[in-house]
Every structure is written in C-alpha cells, then in structure tokens.
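This report concerns the salt bridges of one protein model and the setting in which they lie. The reader is invited to consult the sequence and structure shown here.

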Amino acid sequence: MADGQSATGSNGNSTLNVAQPQIQEPADLKPLYSNFARVAGTPEEVVVDFGLDPMPFSNTARQIKISERVVMNYYTAKRLWAALGASLQRFEQAFGPLEIDVSKRAKQLPESK
C-alpha cells in the first residue's frame, strides 16, 4: 500500500492511514545465530533472551550463555508474533511440519553390544 492510502479492515471499515517506514540497516550489522530463546515479561514489556545451546540434543544439565536481549512493548510483540506465524506457516506449507521436540527429530544410534 502506498503512503497516504487507506486500508480496509476485515469488517469492511476503513482503518487509519499508516505510512510505511523506511528501514535502514547499518553496513556493519552483525547477524546473530540462536538456537535458544527464553521469553519473560512485565506488565508493560516482553523480554526475549537469545542464546546458543552448545548441546541441544543433550539431556544433561548445561549452561546456555545469553548473548542478546530484546525488550519490546506488547503491541510490537504481537506484530512480531503475527509475522513469525505467517513465516512459519509459509515454511510448513512448502516443506512440511516442523517438529519442535528435539528427541523426535534426532536419529537414534544403534546400541553397541
């Protein structure tokens, strides 16, 4: 939708005009890989910690070092939830369901005798 155009909601009512922001990414932006996320919250904010689990298939106690923390309000969290949900839905439609239980994804090695 171009700037200044109005959108129509699912109920047919006109919604507010919203200008799309221009996103700037710095040249030195560093990507972060995470295979662990923890979500917590306060009455006003959602806190998401990201880290790397060095042994995600292990059942032993281990330390996971949190490397990044994102704090956002609940409105932004809900928009993120919707965007992630849409992205995951497209992925699963293309490649099949994602199994989030690691033990069900891991191949069992034959027992040695």
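## A network of salt bridges

In this predicted model, salt bridges link Arg 38, Asp 49 and Arg 69 in a network. One link joins Asp 49 to Arg 38, whose closest N and O atoms are 2.6 Å apart. Because Asp 49 belongs to strand β2 (residues 45–52) and Arg 38 to strand β1 (residues 36–41), this pair ties together parts that are eleven residues apart in sequence.

The side chain of Asp 49 also meets that of Arg 69 in a salt bridge, with an N to O distance of 2.5 Å. Arg 69 is located in strand β3 (residues 65–73) and Asp 49 in strand β2, so this second pair connects parts that are 20 residues apart in sequence.

## The surroundings of Asp 49

Is Asp 49 buried or exposed? Asp 49 has a relative accessible area of 3% and is buried, since the limit for that class is under 20%. The two arginines of the network can be described in the same terms. Arg 38 is partly exposed, at 42% relative accessibility, while Arg 69 is exposed, with a relative accessible area of 54%; the exposed class begins over 50%.

Both pairs also appear as polar contacts between side chains: Asp 49 and Arg 38 are joined at 2.6 Å, and Asp 49 and Arg 69 at 2.5 Å. Leaving aside residues up to four places away in sequence, Asp 49 touches Phe 36, Ala 37, Arg 38, Ile 66, Glu 68 and Arg 69. Both arginines of the network are therefore among these contacts of Asp 49.

## A further salt bridge

How many salt bridges does the rule give? The count comes to three. Besides the two pairs of the network, Asp 53 forms a salt bridge with Arg 62, and the closest N and O atoms of this pair are 2.8 Å apart.

Asp 53 is buried, with a relative accessible area of 8%. Its partner Arg 62 is partly exposed, with a relative accessible area of 34%.

## The protein as a whole

The secondary structure consists of two helices and three strands. Read along the sequence, these elements follow the pattern β-β-β-α-α.

The protein has 113 residues, of which 9% count as buried. It exposes about 10,500 Å², and carbon and sulfur atoms supply 56% of that area. Of the contacts between residues at least 6 apart in sequence, 28% join residues at least 24 apart.

## Confidence in the model

The average pLDDT of the protein is 85, and 81% of the residues score at least 70. Over residues 1–8, pLDDT stays under 50. For this stretch the model has 15 contacts beyond four places in sequence. Where pLDDT is low, predicted coordinates should not be read in detail.

## Summary

The salt bridges of this model number three. Arg 38, Asp 49 and Arg 69 are linked in a network, and Asp 53 pairs with Arg 62. Within the network, Asp 49 is buried, Arg 38 is partly exposed and Arg 69 is exposed.

Conventions. Residues are numbered from 1 along each chain as its sequence is written. This is a predicted model: local features need pLDDT of at least 70, side-chain atom pairs count only at pLDDT 80 or more; totals for chains, interfaces and linings use all residues. Side-chain values use heavy atoms; hydrogens and water are left out. A salt bridge is a side-chain nitrogen of Lys or Arg within 4 Å of a carboxyl oxygen of Asp or Glu. Helices (H or I, at least four residues) and strands (E, at least two) are DSSP runs, numbered from the N terminus. Buried means under 20% relative accessible area, exposed over 50%, partly exposed in between (1.4 Å probe, protein chains only). Contact means heavy atoms within 4.5 Å. Accessible areas come from the Shrake-Rupley method with a 1.4 Å probe; for residues, only the protein chains shown count as cover. A polar contact is a pair of N or O atoms within 3.5 Å; within protein, one must be able to donate a hydrogen and the other to accept it, and residues adjacent in sequence count only if both atoms are side-chain atoms. pLDDT is the predictor's confidence in each residue, from 0 to 100.
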